[in-house]
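Biologist: Can you pull up the model? I'd like to go over the ligand site and then the fold.

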Amino acid sequence: MKIAVIGAGNMGHQIAICAALSGFQVSCMDTNPDILNKAIAFANNYLKERVIKGKLSEKAANQARTNLAFVSDLEEAAKDADLVIEAIIEKLDIKRKLFADLDKICLAHTILTTNSSYIVSSKIADATNRPDKVCNMHFFNPALVMKCVEVVKGPHVSDETVEAVMAVAKKMSKTPVLLHKEIYGFLVNRLLQATRKEALNLLDMGVASFEDIDTAAKNGLGYPMGPFELLDLTGIDLAYHVGTEKYKETADLTDLPSPTIVEKFEKGEFGKKVGKGFYEYFNE
Ligand code: 3HC
């Protein structure tokens with residue numbers, strides 16, 4: 001089976017490596033040469049380090065290298081794919097255009113999925129002539145580590161599509177969960193947003209520093225990471241876009257990105273991937 005991952009950013013490149021390690025043929029595509037080069041460097045380093053760490057055999061690393069191609073052309077990536085996983089920017093109009101293009105490029109049987117954190121596939125499926133084969137397949141950051149994948153069965157999605165997507169997730173050693181209906185934020189982000197919103201609220205009210213709020217979440221609740229560390233990992237730009245898009249939908253002012261998120265977004269302090277968010281990162 002061949003998988004095309006569209007977008008080699010924060011999520012895309014790790015999804016692609018994970019699929020290649022699981023035996024799929026993978027094309028990971030991005031039009032931005034900087035993002036593509038960063039993804040290639042990460043893949044090379046990751047596979048090398050896994051072997052050094054004793055977590056992967058040299059043979060398995062070489063097989064993953066053979067399975068994985070990074071390309072800059074959409075048609076080259078998607079024309080012979082059986083499954084596409086879109087992991088581009090969280091903007092509905094851009095995703096709709098991409099899915100319309102993919103619908104023309106891909107084979108008739110190809111399933112088109114979106115890794116969107118929030119956008120349900122029924123908002124995208126009608127940009128294609130195969131709505132029954134368009135669904136959400138949502139991974140978590142870091143995608144090489146996190147086991148959960150949310151698969152969402154919108155009203156337009158066929159049982160066959162859901163079964164095929166669940167099977168791919170399982171073959172990637174993930175633990176997929178199935179949502180029987182579409183809902184904004186799915187399961188995990190609805191839970192996460194509740195914590196994140198309150199953490200930003202506490203910070204903006206001057207109740208505690210972001211470091212202490214993180215410490216409280218880790219040591220008081222047993223979270224592996226505090227909400228601000230996690231914002232840095234998943235991307236403050238993503239949080240900004242998600243809040244802005246949600247507000248467009250709900251017109252609820254409390255859905256707008258918090259003042260702190262807006263300030264960091266405007267300064268370009270997007271988090272770990274740029275070396276600075278709430279925390280600073282050196283030699284990443
Ligand atoms: N990329 C790839 N692998 C990574 C990684 C990364 N960025 N960070 C850590 N790892 C791997 C390490 O190599 C190590 O692998 P190994 O045990 O097989 O050798 C393993 O993860 C554990 O790493 P560490 O010991 O260095 O660090 P931790 O034990 O602190 O784990 C963590 C790091 C897995 C990131 C952990 O802190 C964690 O689970 N954090 C919470 C992450 C989370 O909540 N993610 C969901 C975000 S929400 C989301 O993605 C939604 C989306 O819509 C935005």
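Modeller: Here we go through the ligand shell, then the sheet, then some backbone details. This is a predicted model, where local features need pLDDT of at least 70, side-chain atom pairs count only at pLDDT 80 or more, and totals for chains, interfaces and linings use all residues. Residues are numbered from 1 along each chain as its sequence is written, and side-chain values use heavy atoms, with hydrogens and water left out.

Biologist: Which residues come nearest to the ligand?

Modeller: Arg50, Lys53, Ser117, His138 and Asn141, out of 18 residues around the ligand. A residue counts as near if one of its heavy atoms lies within 4 Å.

Biologist: What polar contacts does the ligand have with Ser117 and Arg50?

Modeller: A polar side-chain atom of Ser117 sits 2.5 Å from a ligand oxygen. For Arg50, a side-chain N or O atom is 2.9 Å from an oxygen of the ligand. A polar contact here is a pair of N or O atoms within 3.5 Å.

Biologist: And Asn141, backbone or side chain?

Modeller: Backbone. A polar backbone atom of Asn141 is 2.8 Å from a ligand nitrogen.

Biologist: How much of the ligand's accessible area does the protein cover?

Modeller: 65% of the 1000 Å² that the ligand has on its own. Areas come from the Shrake-Rupley method with a 1.4 Å probe.

Biologist: Which domains feed the shell?

Modeller: Domain 1 (2–179) and domain 2 (189–274) each give at least three residues. Those bounds come from an automatic or database domain assignment. Helix H8 (188–204) and helix H10 (227–234) each supply two or more shell residues. Helices (H or I, at least four residues) and strands (E, at least two) are DSSP runs, numbered from the N terminus.

Biologist: Switching to the sheet. What is the strand order?

Modeller: S3-S2-S1-S4-S5-S6-S7-S8, an open sheet of eight strands with mixed pairing. Two strands pair if DSSP finds at least two bridges between them.

Biologist: Why do S3 and S8 each have one side without a neighbour?

Modeller: Strand S3 (68–71) and strand S8 (175–179) are at the edges, each with a single partner strand, so one side of each has no neighbour in the sheet.

Biologist: How many bridges join S5 to S6?

Modeller: Three, and the two strands run parallel. Thr114 stands opposite Asn136 in S6.

Biologist: Where is the cis peptide bond?

Modeller: Between Asn141 and Pro142, with omega about 0°. Pro142 is in the loop between S6 and strand S7 (148–152).

How values were computed: A polar contact is a pair of N or O atoms within 3.5 Å; within protein, one must be able to donate a hydrogen and the other to accept it, and residues adjacent in sequence count only if both atoms are side-chain atoms.
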